[in-house]
Every structure is written in structure tokens, then in C-alpha cells.
Amino acid sequence: MTRRKPPLWKCPRCGHRFVTRNLSHSCVNVSLSAHFRGRPVERKRTYDRWLAAARACGKVTAYAQKSRITIMARVRFAGAVVRDKYLDAGLWLRHRVDHPRLRKVDDFGALGFVHHFRLELPEHVDAALEALMREAYRVGTQELTAASSRTG
């Protein structure tokens, strides 16, 4: 029996949605184009490919925030920080993975790991990253929890 998930709470100030009422966040809304202003066109093309990989998984929302762009289903599971020389593309996964473009991993204990990938060109979003995006999407829909990742 699948348990029905409660609706997302919508912040009345910024309109962003969260699984928990009054979750700490910044209500600053930034245009997506602001992240790419003055950056090489490859950064935007790479981000568009990253977002397309997320959208191929199912319904997602992308929010441009002051210092990053987040991608969420029920929760944030992917995102990006636009740098001059690359896109710092992140995925929340329940286990540590390896990939040639992996540059850093943040360990959040029982919650899992945020993996940061250095993507300079759209083609750097390869089949292996698309597979990891599908896995991260399951985290974002709350289908793949810490308990379920330990059991299979």
C-alpha cells in the first residue's frame, strides 16, 4: 500500500514550495538569466542540458535563487552553481558514487551525499550522469529514502 504524501506548503512571500511548513529559506527571487549574465554561452547550454536530464525523469521545478539554481520534485534533488569556467552541477544521492567529472562530495550522514560535478560543455552530461539524475529524482520524489536505499 502506497502512502499518500501531503501537499507541499507554498511560501506566501516567494511562492516556492516545500515539504515542511515554514522551512528556513531565502525569499529572494532572481531571474534565471541573471546567473548567466557575463558568462560564456556554453554555461547556459550546459545548464539547459542538465535541466533537460532532470525533466526527462518527470515533473520538476527549477528555482533561480541568489547564489544557485535548484531543481526539485517534492524536495530539492539537483541544482547548479554557474561559474565562469564550468557549471558546478549537484545531485543528492543516498550513497557515494564515482564519475570522471566528480569534483567534490558533501557527506550529510544518514541523509546521504551531495555530489558536485564539473560540467564545462553540454556533452559532459553523459549517460552515466543521466542515470544518476534518475536516481536522484527518486530521492527528490521521496520514493528513495535512506531506509529503502539500505534495503535495496
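**A six-strand antiparallel sheet, its packed helices and its pockets**

In this predicted model, an open sheet is formed by 6 strands that follow the order E3-E4-E5-E6-E8-E7 and pair in the antiparallel sense. The edges of the sheet are taken by strand E3 (61-64) and strand E7 (102-107), each of which has a single partner strand, so that one side of each remains without a neighbour in the sheet. From one strand to the next, the twist averages 20°. Strands E5 and E6 are joined in antiparallel fashion over 5 bridges, and Ala-78 has Leu-91, a residue of E6, as its bridge partner. Helix H2 (residues 41-55) packs on the sheet, where it touches E3, E4, E5, E6 and E8, and the direction of H2 makes about 20° with that of E6. Helix H3 (residues 127-140) also packs on the sheet, in contact with E5, E6 and E8, and its direction makes an angle of about 50° with that of E6.

Across the protein chain, the secondary structure amounts to 4 helices and 8 strands, and these elements run β-β-α-α-β-β-β-β-β-β-α-α from the N terminus on. Of the 152 residues in the chain, 41% count as buried. Among the contacts in the protein chain with a separation of 6 or more, 50% are accounted for by residues 24 or more positions apart.

Two residues of helix H2 illustrate the surroundings of this element. Thr-46, which is found in H2, is buried because its relative accessible area is 0%. When residues up to four places away in sequence are not counted, Thr-46 touches Leu-87, Leu-119, Glu-120, Leu-121 and Pro-122. Ala-54 likewise has its place in helix H2, and it counts as buried because its relative accessibility is 0%. With residues up to four places away in sequence again left out, Ala-54 touches Val-60, Ile-71, Phe-77 and Met-133. Between Ala-54 and Ala-73, which are 19 residues apart in sequence, the C-alpha to C-alpha distance is 9.5 Å.

The pockets of the model were examined next. The largest pocket has a volume of about 450 Å³, and of the 20 residues that line it, Arg-68, Arg-76, Trp-92, Phe-108 and Val-114 are the closest to its centre. At least two residues of this lining are supplied by each of strand E4 (69-72), strand E5 (76-82), strand E6 (87-93) and strand E8 (113-119), and E5 gives the most, with 6 residues. By class, the lining of the largest pocket comprises 11 nonpolar, 5 polar and 4 charged residues.

The second largest pocket holds about 160 Å³ of space. Its lining consists of Leu-8, Arg-17, Lys-59, Val-60, Thr-61, Tyr-63, Met-72, Ala-73, Arg-74, Tyr-137 and Thr-141, a set that divides by class into 6 nonpolar, 2 polar and 3 charged residues. Val-60, one of the residues that line the second largest pocket, is also among the residues touched by Ala-54, while Ala-73, another residue of that lining, lies 9.5 Å from Ala-54, C-alpha to C-alpha.

Technical notes. Residues numbered from 1 in each chain as written. Predicted model: local features only at pLDDT ≥ 70, side-chain atom pairs only at ≥ 80, totals over all residues. Heavy atoms only, no water. 1 Å grid on protein atoms, 1.4 Å probe; cavity = no way out; pocket = protein on both sides within 12 Å on 5 of 7 lines; lining within 4 Å. Points joined across faces, edges and corners; volume = space filled by probe spheres on them. Nonpolar A, V, L, I, M, F, W, Y, C, P; charged D, E, K, R; others polar. Pairing = 2+ DSSP bridges. Axes fitted to C-alpha atoms, helices over the stretch in contact; angles between N-to-C directions. Contact = heavy atoms within 4.5 Å. Buried < 20%, exposed > 50% of the residue type's maximum accessible area, 1.4 Å probe, protein only.
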